[in-house]
Amino acid sequence: MNYFLDSNVIVSHIFSWDSLNIIANDFISSENYFCSDNVIKEVENVFNEKCQEYDYFLLMLCRLFENFSDNNFIYFYDVYRFLNRVNPKSKFDIEDMRQALRIIWEKLGFNEYHDAFDVKNKFSLFQNDFQSIQNKNKQKTFNYLKIVPNHTIKDKDIINMIEKEKLRDYLLHGSDENILFDANEFCKNKPELNLKFVSADQDFLKAINILMEYLCIGDCINLLEFKQNN
């Protein structure tokens, strides 16, 4: 099978803390995955934003742990409850923080009650290595991808339908429209690939379904439904 990937699928594959990481890992395996330069540009922008959010999160936890004496224990659910009092400063909300905490706690091999000295030491090392780990994950993910040029022409029939349905007002956001035309032009030029467009953005998928009769894309896949089918 051949797939054209939206940026959110790629980002979910890069970050192990992402809520869709497990699904994205199952999806991206041994098939042929394409994306455009516009997709890569958006991935890079989101990657930098997420790294800043996660770095702030790790720093916040390290500062919390410093309040514990080295010879005490840190109870996981005390840290979990601490997150309820945090005022998120970005899209990385309380539930995202809870999930990240669970993943890191398990990844570092901590018990429900764990030695404070060990927690502080391992978290500090984890924070120091965080950026390099994410960069390696990004490069590993990029190795799966075949990057194609951005579109050169926007089909007038598709533009007219976008304007008629006012899709820019409630379904197409940011770079969605450019990515849609990238995928459509590539599919038009490579019909033998029978490319399927993959996204986790529910609004984007709704827009594609509205436009489907005008598109060269054969099918679109909701990443969340991929989970349900496997």
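**Helix H7 and its surroundings**

The accessible surface of the protein chain comes to about 12,400 Å², and 46% of that surface belongs to carbon and sulfur atoms. I should say at once that we are looking at a predicted model, so please hear every value that follows as computed from that model.

Let me begin with the chain as a whole. It has 11 helices and 7 strands, and its C-alpha atoms fill a box of roughly 70 × 35 × 30 Å along the principal axes. Of the 230 residues in the protein chain, 49% are buried. If we take the contacts with a separation of 6 or more, 75% of them are between residues 24 or more positions apart. As for charge, there are 26 positive and 36 negative charges, and their mean positions are 2 Å apart.

Now I would like to turn to one element, helix H7, which runs over residues 156–164. Which of its residues are buried? They are Ile 158, Ile 159, Met 161 and Ile 162, and because these buried residues fall within an arc of 165° when seen down the axis of H7, they line one face of the helix. On the other side of H7, Lys 156 and Lys 164 are exposed.

What covers the buried residues of H7? The cover includes helix H8 (167–170), helix H9 (176–189) and helix H10 (202–211).

Finally, the ends of the helix. At the N-terminal end, H7 is capped by Asp 155, with a side-chain oxygen 2.8 Å from the backbone nitrogen of Asp 157, while after H7 comes Lys 166, whose phi is positive, near 55°.

Technical notes. Residues numbered from 1 in each chain as written. Predicted model: local features only at pLDDT ≥ 70, side-chain atom pairs only at ≥ 80, totals over all residues. Heavy atoms only, no water. Buried < 20%, exposed > 50% of the residue type's maximum accessible area, 1.4 Å probe, protein only. Helix = DSSP H or I, 4+ residues; strand = E, 2+ residues; numbered from the N terminus. Arc of directions from axis to C-beta. Contact = heavy atoms within 4.5 Å. Polar contact = N/O pair within 3.5 Å; in protein donor to acceptor, adjacent residues only side chain to side chain. Areas by Shrake-Rupley, 256 points an atom, 1.4 Å probe, with all protein chains shown as cover. Lys, Arg positive; Asp, Glu negative; His and termini not counted. Charge placed at Lys NZ, Arg CZ, Asp CG, Glu CD.
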